[in-house]
Amino acid sequence: MPLHLAVAMALFYVTASLFAIAGAEDPYRFFSWNITYGDIYPLGVRQTGFLVNGQFPGPDIHSVTNDNLIINVFNNLNESFLLSWNGIQQRRNSYEDGVYGTTCPIPPGKNFTYILQVKDQIGSFYYFPSLSFHKAAGGFGGIRILSRPRIPVPFPDPAGDYTVLIGDWYKSNHTDLKARLDRGKQLPFPDGILINGRGPGGASFNVEQGKTYRLRISNVGLQNSLNFRIQNHRLTLVEVEGTHTLQTTYSSIDLHLGQSCSVLFTADQPAQDYYIAVSTRFTSPVLTTTATLRYSNSAGPVSGPPPGGPTIQIDWSLNQARSIRTNLTASGPRPNPQGSYHYGLINTTRTIRLANSAGQVNGKQRYAVNSVSFVPADTPLKLADYFKIGGVFRIGSISDNPYGGGIYLDTSVMNADYRAFIEIIFQNNENIVQSWHLDGYSFFVVGMDGGQWTAASRNGYNLRDAVSRCTTQVYPKSWTAIYVALDNVGMWNLRSEYWARQYLGQQFYLRVYTTSTSLRDEYPIPKNALLCGRASGRSTRPL
């Protein structure tokens, strides 16, 4: 066969495979991203950051429900790199999740094309670099998934729609922070807070008087819960991680590590500039930073001190969290109301209790879940599962319940049955605010309270309109309970969003398994999947 015909046939089959996996009837959006090092000065000190197409933070992804996102990532760093997609459920396709348990890293000088579909999703999320301690160097950006045109949204179109990425930050380079953790040391208190990659007074948002705007806020930080507020303006919560909420109005709102939400506010004050303030919660000292809300007809700069917010008050935050409820009559990604799924009438088939802990192993700081501190294997777990490579992980290497023993190291994987409906209890016996994220899913946050969870705690569960989200906080010496329908086959990372804790072992993988090989249950391994570790040299699927 002539060369040009062979190339044409190969391109045809690659394109056909994209349509077969992602669904030919849904639109495609193509992205080409170059990941490079670059000098950044977010807190006035030169640092080496990760840039996406020369930007820090990276560019937003704009999409619509069911869109197929084809994202070609070129790694121009001198180290391996991966991007993960916080809140994107990767339906039937955990191979694309972009964490080391599912996806081989992109080697230096190479590229990898992610094939994602935002199937049956709406809302506000973000992407981030998942390997090593790369998140401390940037490389993150916002993701927004709009409703399809014919699906009603429970509020009028805003005059503007802004991504707001907030997070604590260190002046040290990510390599120095990683080296400190590798030596078994804890990280110091962060040096500051960034708003869209800028330090105090660096970011601004333009508005016109009398108009209403949407802010999609994500806490992309490393260590601290944050409080967000705008001087003299009220915030109406309308969406949390893909769920339309009851439209409750707040003076300020807490976002814990890894969490995202949307608020509306109206520029209804006298025309001038106003402070946007973000500060740490439950810390001493309290870090605060500001941005500027600028009216188009502003008569002058910001005046007075930045607005104060809550500091160490846990009850304030707990009460606000309990007030966040699902809007049962609003449509989600489909036209049927969000309340049509009656999760409270389904019997759970399993209860998993997870307790976080901190301690020393071989003289070094480690963090654990049910006493197991996760260590990565030499091969992504999903690839080892697919190729049936023994010795990479053991199913059941983490227990359903804490047993109170000392911390030990293992590549922890918990098995779970496809289509089970389970209850997970996060028990936090430490004096920190914990934040947990589950890839591949949204779950119903049915309860949270202080003390130890018991079976009697179920009497206080919200079984009617609990918010469905993918990241939940657990307050100090407290518990949080979630319900989750395991309807997405794959290998899914369950991790602490407290990033040093995640890096030093506070995570594991939930293997949602079925014996079925039907495409209705799980897609086959991508033809372009990178193969590494003990999967090297094997083949994916022929074109």
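In this predicted model, strand S6 supplies the largest share of the lining of the largest pocket, namely 3 residues. The volume of that pocket is about 1,100 Å³, and S6 also serves as an edge strand of an open sheet, where it spans residues 111-117 and pairs on one side only. The points below cover the pocket, two sheets, the nonpolar cores, the cavities and the loop that holds Gly197.

**Largest pocket**

- The lining of the largest pocket is made up of 44 residues, and those that lie nearest its centre are Gln89, Asp120, Pro333, Ser468 and Asp487.
- Helix H1, which covers residues 3-22, and strand S6 each contribute at least two residues to the lining of the largest pocket.

**Sheet with strands S2, S1, S4 and S6**

- This open sheet consists of 4 strands in the order S2-S1-S4-S6, and its pairing is mixed; its edge strands are S2 (47-52) and S6 (111-117), each of which pairs on one side only.
- From one strand to the next in this sheet, the twist averages 20°.
- Within the sheet, strand S1 (residues 28-40) and strand S4 (residues 68-75) run in the parallel sense and are paired over 8 bridges, with Tyr28 standing opposite Asn68 in S4.

**Sheet with strands S3, S8, S7 and S5**

- Another open sheet of 4 strands follows the order S3-S8-S7-S5, again with mixed pairing, and its edge strands, each pairing on one side only, are S3 (61-64) and S5 (83-86).
- The twist in this sheet averages 25° from one strand to the next.
- Strand S3 is paired with strand S8 (residues 141-146) in the parallel sense over 4 bridges, and His62 stands opposite Arg144 in S8.

**Nonpolar cores**

- The largest nonpolar core contains 65 residues, and the members with the most contacts inside it are Ile217, Phe228, Ile253, Leu293, Leu354, Ile424 and Leu486.
- When its neighbours within four places in sequence are left aside, Leu354 is in contact with Val369, Asn370, Met414, Ile424, Ile425, Phe426, Gln427, Leu494 and Phe508.
- A second core, separate from the largest one, has 26 residues, among them Phe31, Val52, Ile106 and Leu116.
- As general background, nonpolar side chains in soluble globular proteins tend to be buried together.

**Cavities**

- The count of cavities of 30 Å³ or more comes to 4, and the largest cavity holds about 110 Å³ of space.
- The largest cavity is lined by 15 residues, with Ile253, Asp254, Gln259, Ile324 and Arg469 lying nearest its centre; Ile253 is also listed among the residues with the most contacts inside the largest nonpolar core.
- Two or more residues of the lining of the largest cavity come from each of strand S17 (253-255), strand S18 (260-266) and helix H3 (314-323).

**Gly197 and its surroundings**

- Gly197 is placed in the loop between strand S10 (192-195) and strand S11 (204-207).
- Gly197 counts as buried because its relative accessible area is 6%, and the cut-off for buried is under 20%.
- Apart from its neighbours within four places in sequence, Gly197 has contacts with Pro42, Phe56 and Pro57.
- Gly197 and Phe282 are 85 residues apart along the chain, and their C-alpha atoms are separated by 23 Å.

Conventions:
Residues numbered from 1 in each chain as written. Predicted model: local features only at pLDDT ≥ 70, side-chain atom pairs only at ≥ 80, totals over all residues. Heavy atoms only, no water. Pairing = 2+ DSSP bridges. Axes fitted to C-alpha atoms, helices over the stretch in contact; angles between N-to-C directions. Core = buried A, V, L, I, M, F, W, Y, C linked by side-chain atoms within 4.5 Å. Buried < 20%, exposed > 50% of the residue type's maximum accessible area, 1.4 Å probe, protein only. Contact = heavy atoms within 4.5 Å. 1 Å grid on protein atoms, 1.4 Å probe; cavity = no way out; pocket = protein on both sides within 12 Å on 5 of 7 lines; lining within 4 Å. Points joined across faces, edges and corners; volume = space filled by probe spheres on them.
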